[in-house]
2 protein chains.
Amino acid sequence: MARRGDHTFEELSSMILNAAYEILETEGFQKISTRKIATKIGYTVGTLYNVFQNLEDIFIHLNARTLDSLIKSLSESDVTSIKSLAYAYVKFSQESFNAWSLLFEYQFDDKTQFPRWYQPKVDSLLGIVANSLKDLSGKCSPEKTKESIIVIWSSIHGICILSNRGKLNKTGASDPKSLIDNLIDNYLKGLLA
Amino acid sequence: MARRGDHTFEELSSMILNAAYEILETEGFQKISTRKIATKIGYTVGTLYNVFQNLEDIFIHLNARTLDSLIKSLSESDVTSIKSLAYAYVKFSQESFNAWSLLFEYQFDDKTQFPRWYQPKVDSLLGIVANSLKDLSGKCSPEKTKESIIVIWSSIHGICILSNRGKLNKTGASDPKSLIDNLIDNYLKGLLA
DNA sequence: ACCTGAACACCGTTCAAGT
DNA sequence: ACCTGAACACCGTTCAAGT
């Protein structure tokens, strides 16, 4: 066929990401391949490498999208309540299971450099959580507050993992909402006691 | 070369698992391949399929080993204290990072059937945790106790994930011990209040 | 400048053929 | 009965050659 010029760099970029995101959502990140993406958009594999560094680079851009929609989901809940944020987070992790999986479980190569725009997205996510806990800062030291935010966040994340996969409890899958209530109620009670 | 008979079925089985475990520990599960294992033990790939169903089957057996050594590690700590169990768990996840990763992060195919002997190992792991929290049963209902065990366990797991990878906090990696103290102290205080 | 097509170095899995 | 070797259907990545 040879050159096309049918699409600009930006068009190609979003065609690639759209195709990849489609495979991600329907089949999971394990099934994403450069060749499959290329076929979907009607180009050969080589073309992907004009737009992205490699497959991991594409994964990073997919994760950026997922972060954006996760932030959007959380923002649409009651951002003043840590519990409603946690519910929204669980809901997102269930509804966008494959995307969430790539975001939090894919192990990037240690050498992989993340682009500058990535970390701010993560920070704004943590900012939403921190904001819902700002009453703490009246009761605890700034260090304690910061640490507590990390504790709550990672605990909620742990509960998501546990309830989304059957890793440890093949039997008796507990309702994640109930686990989150249990966690947050008791933890905050202890912290503010 | 043709047939060897140099090794029994059981010998072959442990040769394969040893080779696979070696790759797992040094390079991570992503780098395990049937061809690499075969080369390491001096057989061709086909031989692996006389002993194991497929690569996932080998992974399950690797996870069984990891579960055993995790259980051993936890048993050697002060099993009456949830905090020392949590410390031991964090330590294990750091020292055996790649094995821990395969155990908790690899996504097996939904169709994959786990062998009968697998779940009892998981149960005995949870049993150790449950045992360290048995004072709770005096204070809470059995259901509440069970749920609280899951909450604590998954929260500790979440803290491990957070501190082992740089997923959310590229900046300011908190000491996991301090996070665990924070979690358990406050959570139990609230629960027993 | 952009894209192709073929190549390179890998995969997991199967199975007829050999001993 | 056990193992090989080749085949099949895939991978990610690179790059000379075409337009």
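Start by selecting B:Gln30, which is partly exposed at a relative accessible area of 44%. Here, buried means under 20% relative accessible area, exposed means over 50%, and partly exposed lies in between (1.4 Å probe, protein chains only). B:Gln30 sits in the loop between helix 1 and helix 2 of chain B. Helices (H or I, at least four residues) and strands (E, at least two) are DSSP runs, numbered from the N terminus. Now add B:Tyr106 to your selection: the two residues are 76 residues apart along the chain, and their C-alpha atoms are separated by 9.4 Å.

Before moving on, a word on what you are viewing. This is a predicted model, in which local features need pLDDT of at least 70 and side-chain atom pairs count only at pLDDT 80 or more, while totals for chains, interfaces and linings use all residues. Residues are numbered from 1 along each chain as its sequence is written, chains are lettered from A and ligands numbered from 1 in the order in which they are written, and side-chain values use heavy atoms, with hydrogens and water left out.

**Stop 1: the whole of chain A**

Colour chain A by pLDDT, the predictor's confidence in each residue, from 0 to 100. The average for chain A is 92, and 94% of the residues score at least 70. Among the elements of chain A, helix 4 (residues 55-75) has the highest mean pLDDT, 98, and helix 8 (residues 136-139) the lowest, 86. Where pLDDT is low, the predicted coordinates should not be read in detail.

Switch to a cartoon view and you will find 10 helices and zero strands in chain A. The C-alpha trace of chain A spans about 70 × 40 × 30 Å along its principal axes. Of the 193 residues in chain A, 50% are buried.

**Stop 2: two copies**

Show both chains together. How are they related? Chain A superposes on chain B by a rotation of 180° with 0.0 Å of shift along its axis (RMSD 0.0 Å). This is the relation of a two-fold axis. The superposition is by least squares on the C-alpha atoms of residues with pLDDT of at least 70 in both copies. The same surface serves both copies, as 100% of the contact residues of chain A recur in chain B. Contact means heavy atoms within 4.5 Å.

**Stop 3: helix 6 of chain B**

Select residues 97-105 of chain B. Eight of the nine residues of this helix 6 are buried, so the helix is largely enclosed by the rest of the structure. Among the buried residues are B:Trp100, B:Leu103 and B:Phe104. What covers them? The cover includes helix 6 (97-105) of chain A, together with helix 1, helix 4 (55-75), helix 5 (82-95), helix 7 (118-132) and helix 9 (142-164) of chain B.

**Stop 4: the nonpolar core**

Next, pick A:Leu62 and B:Leu62. Of the 126 residues in the largest nonpolar core, these two touch the most other members. A nonpolar core is a set of buried Ala, Val, Leu, Ile, Met, Phe, Trp, Tyr and Cys residues joined through side-chain atoms within 4.5 Å. Leaving aside neighbours within four places in sequence, A:Leu62 is in contact with A:Leu17, A:Ala20, A:Tyr21, A:Leu24, A:Ile32 and A:Leu102. In soluble globular proteins, nonpolar side chains tend to be buried together.

**Stop 5: charged pairs**

How many salt bridges does the structure hold over all chains? There are 15, each a side-chain nitrogen of Lys or Arg within 4 Å of a carboxyl oxygen of Asp or Glu.

- Select A:Lys121 and A:Asp68, whose side chains meet in a salt bridge (3.0 Å, N to O). The pair links distant parts of the chain, with A:Lys121 in helix 7 (residues 118-132) and A:Asp68 in helix 4 of chain A, 53 residues apart.
- Go to B:Lys40 and B:Glu22, a salt bridge with its closest N and O atoms 2.9 Å apart. This pair joins helix 2 (residues 34-41) to helix 1 (residues 9-27) of chain B. B:Lys40 is partly exposed at 45%, and B:Glu22 is partly exposed at 44%.
- Try B:Lys72 and B:Glu76, a salt bridge with closest N and O atoms 3.5 Å apart. B:Lys72 is exposed at 54%, and B:Glu76 is exposed at 61%.

**Last stop: the cysteines**

Finish with A:Cys140, which is buried at 13% relative accessibility, and B:Cys140, buried at 13%. A disulfide is a pair of cysteine sulfur atoms within 2.5 Å, and by this rule the count over all chains is zero.
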